[in-house]
Amino acid sequence: MSIESVAASTVTTDVLVEAWNAAYAGYLVDVSRDATGLRAHVEAGSIDLLRSVVLLDGGRPVALSLLGARPPGAAEDEPGERGWIGGFGVAATHRGQGVAGRLIDEQLDVARRSGVRSVGLEVLTQNWARRVYERAGFTVRRRLLVLSGRLEATPTPTRPGDPGWARTSRATDDEACVRGMAAVTGGLRAPWGREPAHLVLDPALVVLSTGTGSGTAPRARDEADGILLLRPSPGCVAVLAAAARDDTAARRLAAALAREYAGATCRLVNEPEGSPLVAALEAVGLGEDLAQHEMRVELSPANGST
């Protein structure tokens, strides 16, 4: 077996799509993508194809690792970018042959030499790849839940205008909305896919907020004690980002969500286990569908890194 390693930027989109779908063939959930879907994923995830790795065997893609890169957060004073593995896998024909270990080692080496300070990822709790990541130095930082179910409206003691009433508005500035979420949660880092850089401004998005500062203006939402960023569609609603300061705010948000979209299916991806929103959303019909480990490895600077 003679496997060649190349930068993902050197192959065509069709080859990347083939590599992605081969890597995730037989996966626990269907994450297959076409060219449009993969391009959207690359853009939203801040994926740098120049620093991502494709393994070829006889010219055909057999493994893929996509590396996202973003600046350090406001609370971090160390230099260097943050990295994220936004796709990783090996084709079924090449599994069990040490290819995954080679791939993660090469990806981390590329990240280190380019000045990336740390690399994170999410992996389903039952995925065998966790062992590959642990051997490469990754450790589990927290457990993230995927919640889904049909929303069941519950009686609420508040009325429009009362302090506990949640308000809806159009998300004219989703970055301001997520800045408000950071204030609500005390600056705790959101999962990569729920950071402001990952969210594309869309007038169809809806903000549900609660608290004395909730309302339609982004500056007012900065003072809210709970915020949901929603993408509603007929019969379902996706929660793209979420934050609640405490159990009370979480219950208000969940009740308002169920009231506004009663009977719709709802899904929230990567909510940290133990957050106030988990119990509140379970009370209105959602349940744990999947769980992921959020993992991270710190990279030592490489000589001559840029």
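Which residues does Ser32 touch, not counting residues up to four places away in sequence? In this predicted model, the residues that Ser32 touches on that count are Trp20 and Asn21. Ser32 itself is found in the loop between H1 and H2, and although Ser32 and Ala22 are ten residues apart along the chain, their C-alpha atoms are separated by 8.9 Å.

That loop belongs to a chain whose secondary structure comes to eight helices and twelve strands. Of the 306 residues in the chain, 48% are buried, and when contacts between residues at least 6 apart in sequence are considered, 74% of them join residues at least 24 apart.

The two helices on either side of Ser32 make a convenient starting point. Helix H1 (residues 13-23) packs with H2 at an angle of about 90°, the axes of the two helices being 10 Å apart, and H1 and H2 are therefore roughly perpendicular to each other. On the H1 side the contact is made by Thr13, Leu16, Val17 and Trp20, while H2 contributes Ala35, Leu38, Arg39 and His41. Within H1, the buried residues are Leu16, Val17, Ala19, Trp20 and Ala23; around the axis they cover an arc of only 165°, which puts them on the same side of H1. These buried residues of H1 pack not just against H2 but also against S2, strand S3 (60-70) and strand S4 (81-90).

His41 deserves a separate look, being found in helix H2 (residues 35-44). With a relative accessible area of 11%, His41 falls below the 20% limit and is therefore buried. Once its neighbours within four places in sequence are left aside, His41 is in contact with Trp20, Arg33, Ile47, Leu66, Trp84 and Gly86. Further along the chain, in the loop between H2 and strand S2 (53-57), is the place of Ser46, a residue that has a positive phi of about 55° although it is not a glycine. The background to this remark is that most residues other than glycine have a negative phi.

Another residue with this backbone feature is Asn270, which is not a glycine and yet has a positive phi of about 65°. Asn270 is found in strand S11, and because its relative accessibility is 9%, Asn270 counts as buried.

Helix H3 (residues 99-113) can be read in terms of its length and its faces. H3 has 15 residues and reaches 21 Å from its first C-alpha to its last, close to the 21 Å expected at 1.5 Å a residue. Its buried residues are Val99, Ala100, Leu103, Ile104, Gln107, Leu108, Val110 and Ala111, and, seen down the axis of H3, they fall within an arc of 160°, so they line one face of the helix. Just after H3, Gly115 takes a positive phi of about 95°.

The interior can now be considered as a whole. In soluble globular proteins, nonpolar side chains tend to be buried together. Here the largest nonpolar core has 29 residues, and those with the most contacts inside it are Leu151, Leu228, Leu230, Leu257 and Leu281. At least two residues of this core are supplied by each of strand S6 (139-150), strand S8 (206-210), strand S9 (226-233), strand S10 (236-244), helix H7 (247-260), strand S11 (265-272), helix H8 (276-282) and strand S12 (286-298). It is H7 that gives the most to this core, with seven residues. Apart from this core lies another, of 28 residues, among them Ala63, Val110, Ala136 and Val297; Val110 is also one of the buried residues of H3.

H7 is worth following in more detail. The 14 residues of H7 should span 20 Å at 1.5 Å a residue, and its end C-alpha atoms are 20 Å apart, which agrees. The buried residues of H7 are Ala249, Ala250, Leu253, Ala254, Ala255, Ala256, Leu257 and Ala258, and what covers them includes S8, S9, S10, S11 and H8. For Leu257, leaving aside its neighbours within four places in sequence, the residues in contact are Leu151, Leu208, Leu228, Leu230, Val239, Cys266 and Leu281.

Technical notes. Residues are numbered from 1 along each chain as its sequence is written. This is a predicted model: local features need pLDDT of at least 70, side-chain atom pairs count only at pLDDT 80 or more; totals for chains, interfaces and linings use all residues. Side-chain values use heavy atoms; hydrogens and water are left out. Helices (H or I, at least four residues) and strands (E, at least two) are DSSP runs, numbered from the N terminus. Buried means under 20% relative accessible area, exposed over 50%, partly exposed in between (1.4 Å probe, protein chains only). Contact means heavy atoms within 4.5 Å. The expected span of a helix is 1.5 Å times one less than its number of residues. The arc is that of the directions from the helix axis to the C-beta atoms. A nonpolar core is a set of buried Ala, Val, Leu, Ile, Met, Phe, Trp, Tyr and Cys residues joined through side-chain atoms within 4.5 Å. Axes are lines fitted to C-alpha atoms, for helices over the stretch in contact, and angles run from 0 to 180 degrees between N-to-C directions. Angles under 35 degrees count as roughly parallel, over 145 as roughly antiparallel, 65 to 115 as roughly perpendicular and the rest as oblique.
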